[in-house]
Amino acid sequence: MSNNLLQGKNGVIFGALDEQSIAWKVAERCNEEGSKLVLTNAPIAMRFGTINALAEKVNAPVFGADATSDEDLENLFKNATEHFGGKIDFVLHSIGMSMNVRKKKDYTDLNYDFMKTTFDISAISFHRVMQTLWKQEAMKDWGSITALSYIAAQRVFPDYSEMAESKALLESFARSFGYHFGTRNKVRVNTVSQSPTMTTAGSGVKGFDEFFNYADKVSPLGNASAEACADYCVFLFSDLSKMVTMQNLFHDGGFSNMGMNPAVLGL
Ligand SMILES: NC(=O)c1ccc[n+]([C@@H]2O[C@H](COP(=O)([O-])OP(=O)(O)OC[C@H]3O[C@@H](n4cnc5c(N)ncnc54)[C@H](O)[C@@H]3O)[C@@H](O)[C@H]2O)c1
């Protein structure tokens with residue numbers, strides 16, 4: 001169903017790896033709502049994933065960019081503005097990877113080189129994306145920038161490991177850069193704190209299936225799906241959310257405000 005909420009808008013979407021990816025669903029919804037799109041992912045992910053099928057579906061070019069490289073990001077946004085023939089209205093940062101989780105390192109035995117890589121990919125990349133957009137003056141006034149986060153930024157989820165600190169950093173970058181972008185360009189910057197979602201990144205976390213079911217039971221509305229997250233992102237990219245900025249917005253079926261749910265105890 002389309003309400004043309006993004007008609008006439010240009011958006012850049014990071015992080016669609018395969019059909020499960022949250023970014024994939026966001027791209028599909030943005031396309032339905034009438035926006036023009038540019039898709040991007042790390043060159044290696046483009047080889048292993050299926051982003052080209054999405055590109056065909058939403059009629060968008062794919063420009064490879066490693067989000068830890070200034071040069072790649074500079075080229076990406078130059079190519080994007082050239083493709084659109086104008087500035088960018090919205091950007092989705094949907095990027096996450098933990099080296100220590102991938103290497104199955106315990107939280108009490110983390111490798112700090114891995115940790116730096118994790119922060120670089122999962123959080124600093126968000127600052128890098130915004131700084132590149134800022135320097136190129138590539139965002140249209142009243143545009144919208146959103147990154148995906150997780151509640152481990154605020155509460156302890158032991159198996160989420162160093163991704164918890166990554167997300168805390170990510171959310172802080174949204175607030176701090178949100179000030180600058182808001183003041184100069186009326187551009188809003190937010191993070192969406194999403195429910196556990198069955199994706200490549202999500203299922204890399206130990207015990208993910210059990211935790212997914214637990215969160216689903218705790219949340220009065222159940223877990224928010226990737227499709228529901230895409231709807232919420234469309235709202236954040238649309239003119240309906242113009243005055244929302246520097247926020248971490250929970251999109252989690254109510255999970256974040258629950259203490260105990262009798263359903264978990266089988267009561
Ligand atoms: N799946 C969940 O349970 C869940 C919950 C809350 C938040 N999130 C967040 O949602 C976002 C998207 O994850 P997803 O669940 O859709 O998984 P996903 O694996 O489909 O997406 C992660 C993406 O990050 C990209 N990426 C990794 N390194 C990169 C780099 N150097 N440069 C550019 N891109 C790079 C990958 O190629 C991939 O497309 C992440 O920030 C994740 O932390 C996921």
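Helices and strands are DSSP runs, numbered from the N terminus; a helix (H or I) has at least four residues and a strand (E) at least two. In these terms, Met246 falls in the loop between α10 and β7. The model is predicted.

The sheet comes first. Seven strands form an open sheet with parallel pairing. Their order is β3-β2-β1-β4-β5-β6-β7. The edges are held by β3 (62-64) and β7 (248-251). Each of these has a single partner strand, so one side of each lacks a neighbour in the sheet. From one strand to the next, the twist averages 20 degrees.

Strand β5 (139-149) shows how the pairing works in detail. On one side, β4 and β5 pair in the parallel sense over five bridges. Here His93 stands opposite Ala147 in β5. On the other side, β5 pairs with β6 (residues 188-194), again in the parallel sense, over six bridges. Ala147 has a bridge partner in β6 too, namely Thr191. Ile145 stands opposite Val189 of β6. Strand β5 is mostly covered, with eight of its eleven residues buried.

Helices pack on this sheet. Helix α3 (residues 51-58) lies across β2 (36-41) and β3. The helix runs at about 175 degrees to β2. Helix α10 (residues 226-237) also packs on the sheet. It touches β1 (10-14), β4 (88-93), β5, β6 and β7. The direction of α10 makes about 170 degrees with that of β6.

What lies inside? In soluble globular proteins, nonpolar side chains tend to be buried together. In this model, the largest nonpolar core has 59 residues. Ile13, Ala16, Ala23, Val26, Ala27, Leu39 and Cys233 have the most contacts inside it. Helix α10 gives the most to this core, with seven residues. Cys233 touches Val26, Leu92, Thr146 and Val192, leaving aside residues up to four places away in sequence. Another core, of twelve residues, lies apart from the largest one. Its members include Tyr150, Ala164, Ala215 and Val218.

Helix α1 (22-32) is also well covered. Nine of its eleven residues are buried, so the helix is largely enclosed by the rest of the structure. The buried residues are Ile22, Ala23, Trp24, Lys25, Val26, Ala27, Arg29, Cys30 and Asn31. Among them, Ala23, Val26 and Ala27 also belong to the group with the most contacts inside the largest core. After α1 comes Gly34, with a positive phi near 95 degrees.

The ligand is considered next. Which residues come nearest to the ligand? Of the 28 residues around it, these are Ser21, Ala45, Gly96, Ala201 and Gly202. Three elements give two or more residues to the shell: α1, β5 and α8 (200-203). The largest share comes from α8, with three residues. By class, the shell has 14 nonpolar, 13 polar and one charged residues.

Two residues stand out for their backbone angles. Most residues other than glycine have a negative phi. Trp142 is not a glycine, yet its phi is positive, at about 65 degrees. This residue is found in strand β5. Is Trp142 buried or exposed? Trp142 has 12 C-beta neighbours inside 10 Å, so it counts as exposed. The cut-off for an exposed residue is 12 or fewer. Met246 also has a positive phi, near 60 degrees, in a residue other than glycine. Met246 has 17 other C-beta atoms within 10 Å and is therefore partly exposed.

Arg128 closes the account. This residue belongs to helix α6 (residues 112-136). With 19 other C-beta atoms within 10 Å, Arg128 is partly exposed. A residue needs 20 or more to be buried. Arg128 touches Ala67, Asp70 and Leu73, again leaving aside residues up to four places away in sequence. Glu82 is 46 residues from Arg128 in sequence. In space, the two are 20 Å apart, C-alpha to C-alpha.

Methods: Residues numbered from 1 in each chain as written. Predicted model: local features only at pLDDT ≥ 70, side-chain atom pairs only at ≥ 80, totals over all residues. Near = placed C-beta within 6 Å. Nonpolar A, V, L, I, M, F, W, Y, C, P; charged D, E, K, R; others polar. Pairing = 2+ DSSP bridges. Axes fitted to C-alpha atoms, helices over the stretch in contact; angles between N-to-C directions. Contact = placed C-beta atoms within 7 Å. Core = buried A, V, L, I, M, F, W, Y, C linked by C-beta atoms within 7 Å.
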